[in-house]
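Student: I should like to work through this structure by question and answer. May we begin once the sequence and the model are on display?

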Amino acid sequence: MFKDLQQFNSNQVLTADVCIVGSGPAGMSVAKKLLGTKNKVLFLESGGEEPSVEYNKLNKGKNSGSRFLSLDASRMRCFGGASRIWAGVCSPFDEEDFNSKSFVALSGWPIARKVLHDYYHEAAEMLGISYEAFDNSDSFTNSLNGLSFPEFNRKDSLLTNTIYQHSDSTNRNFGKKYKKLFSDSKNIDVLFHATVTKLNVAKNGKKIQSVQVEDLSGKKCTINATIYVLASGALENPRLLLNSFDYFSYGIGNENGFVGSCFMSHPGFSAVGEVFKTSKGFCISNNSYSSNLTSQFSNSSSTNQSLQILRHGLDMKYFRDLANPSTYFSGRLLTEYEKLFKNFSLREAIQKTSCRFKGEYSSNLWNVGVSIEQEPSKRNYLKLNNSSKDIFGVPTIDMFWSEISNLEKKTVVESLKGMGREFALSDSGRVRLTEALLSEEIFQSEDSVNHHIGTTRMAKTSDKGVVDKNCKVFNLSNLYIAGSSVFPTSSIVNPTFTIIALALRLGDHLKSELV
Amino acid sequence: MRLTRRKFIIGSLVVIASPIIYKVTVPVISKQTGLELFFSNYKSPVTLNNLSKLSCSIDIELFKANLEQLLIKNPQEHQWKHEIINIIHKDYQNAKVEIADGWILSETELCIELLRAKNV
């Protein structure tokens, strides 16, 4: 049932078996598992059923690090949360992501990839995509990248082709998709305009006693539950834990300073390399691949391990040359004249033009972009800005996102080297690094990906993280965290698919705990 | 079969001219001229600028000596091309690559270009 905090009297105490904080993809997936059970669930949403400017203002904060992160992009305070605005790009984490790496200090998950297998299946069903389609064996016949570079489809290829599927807007927007399911629910009450401002620890210090919620009109209520699940995103989860300092002065779960630390995203750098294909050009039809699938090349897992580099994705974009009409209207004749004329070939231009007449394309010149996994590091963290508070008096976020580390820079260069090696081995072209990469100027560019990962990390023991393998906060019996904040490492693929899979697993775990 | 005067003259010319043509068109690579002939026949995969600022990880004199040995053992163009391609292939397989003027090249490819710049 849908309810609103405005309907309740101030200082009222609400009770439930489970209290879920946040109705984004993580919270929604946990809540969905609890639908139809005997347990009473209070599902708290800071905003309303639809987005509003007033509530999104609560996401404001500042950046003090050398890299800028937009703190209000990719976040939405309303039913469905970020599921309302995400692009729906899905791919599961690889086994490599879960393994510990000798050259990354805080790498490795306390769970194996196979633990999530069934939950990935379930997440794929929720998102209206096919889990089987992630099988890489079809990546060269199904994706544009694969079709554009069939030379890489060799038995001994140094590169792999990671498949991404796109969940369509009807499936990826959980706020709309599951609205009726929750509004009709008998055991789950969705409580709108209930912004959690503080978690209260019980007197024995071993569990959460209650959470405090408020709305913009100043109404306050207390919620007492048996189990609490924080699912408000990798920026808000640590903010709430750090602001709950009445019992533990350093904040909840922060005995070892990991709350808010090890922030990760997927920094992307466009135009870091140029590909000059020497193999015979051919036309590629837009109809010859599934538009629902995209892919990224990357070095194989074993290469990453032997070169000691992080995961990465190589994006290929064909260079719009003189055979492309848009070149003449874009002003690139002036800015890129050298590249345009130096590489001009009449034979290729005729071929490309004939391709274009058929609605297809061909290119021998490509730009390469790289996006990378970040290493978990305490250099990247957020803390509370006590000199700036939101309307509820909760300190806003002060983000310290540091410059790209040496390992991350090495990953960018080595990933391109791998691609250069594969082009040479398959005798299909040559790769050149751009001046922006060689001068490292590219590493100063702003990030637009806005994936928030790792601020309440999962670990085997409390000295390395905040939550255990079941997403329970160490040393507290009834506080769980859902979402990408628990990821110990960031992988290279978009996080939401794994957020959902991991939250579904948590939902099953809670069901077994509540029996 | 009757041997006409025309056939006799043409046949004689072929017999006399063949060794001369062979000598001119198929170069026998000797130690003295091997490198020059190699460089005139080996096509660079890319064009490198600022060669004087570049260096390769192998000692260039040692590389030169090894290359000369290779050319002595494989004097015919198809022979040394085959050998060089194999070496470059192994470089790429074993990640023996360098960044030169932005280009990703194998160690051998870069050394050849540096040696070319030194010798030509």
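**Disulfide, helix packing and cores**

Tutor: Please bear in mind that this is a predicted model. Let us start with the cysteines.

Student: Which residue is joined to B:Cys56 by a disulfide?

Tutor: A disulfide is a pair of cysteine sulfur atoms within 2.5 Å. The sulfur of B:Cys56 has a partner at an S to S distance of 2.3 Å. B:Cys56 sits in the loop between helix H2 (34–41) and helix H3 (60–73) of chain B, and its partner, 55 residues apart from it, is in helix H5 of chain B. That partner is B:Cys111.

Student: Are B:Cys56 and B:Cys111 buried or exposed?

Tutor: Buried means under 20% relative accessible area, and exposed over 50%. Both B:Cys56 and B:Cys111 fall in the class called buried.

Student: Why is A:Cys221 not bonded to the closest cysteine sulfur?

Tutor: A disulfide requires sulfur atoms within 2.5 Å. The closest cysteine sulfur to that of A:Cys221 belongs to A:Cys19, and it is too far for a bond. The distance is 12 Å.

Student: How are helices H4(B) and H5(B) oriented to each other?

Tutor: Two packed helices are described by the angle between their axes and the distance between the axes. Helix H4 (residues 77–93) of chain B packs against helix H5 (residues 107–119) of chain B with the axes 7 Å apart and an angle of about 125°. Angles over 145 degrees count as roughly antiparallel and 65 to 115 as roughly perpendicular, and the rest between these is oblique. H4(B) and H5(B) are therefore oblique.

Student: How many residues of the contact of H4(B) with H5(B) are charged?

Tutor: On the H4(B) side the contact includes B:Ile84 and B:Asp91, and on the H5(B) side it includes B:Glu107 and B:Ile112. The residues of this contact divide into five nonpolar, one polar and, as charged, three.

Student: Which helix gives the most residues to the largest nonpolar core?

Tutor: This core has 104 residues, of which A:Leu44, A:Leu479 and A:Phe497 touch the most other members. Ten of its residues come from one helix of chain A, spanning residues 496–514. That helix is H18.

Student: Is A:Ser377 buried or exposed?

Tutor: A:Ser377 lies in the loop between strand S16 (365–372) and strand S17 (381–389) of chain A, and it touches A:Cys262 and A:Phe263, leaving aside residues up to four places away in sequence. Its relative accessible area is 14%, and the cut-off for buried is under 20%. A:Ser377 is therefore buried.

Terms used
Residues numbered from 1 in each chain as written. Chains lettered and ligands numbered in written order. Predicted model: local features only at pLDDT ≥ 70, side-chain atom pairs only at ≥ 80, totals over all residues. Heavy atoms only, no water. Helix = DSSP H or I, 4+ residues; strand = E, 2+ residues; numbered from the N terminus. Buried < 20%, exposed > 50% of the residue type's maximum accessible area, 1.4 Å probe, protein only. Contact = heavy atoms within 4.5 Å. Axes fitted to C-alpha atoms, helices over the stretch in contact; angles between N-to-C directions. Parallel < 35°, antiparallel > 145°, perpendicular 65-115°, else oblique. Nonpolar A, V, L, I, M, F, W, Y, C, P; charged D, E, K, R; others polar. Core = buried A, V, L, I, M, F, W, Y, C linked by side-chain atoms within 4.5 Å.
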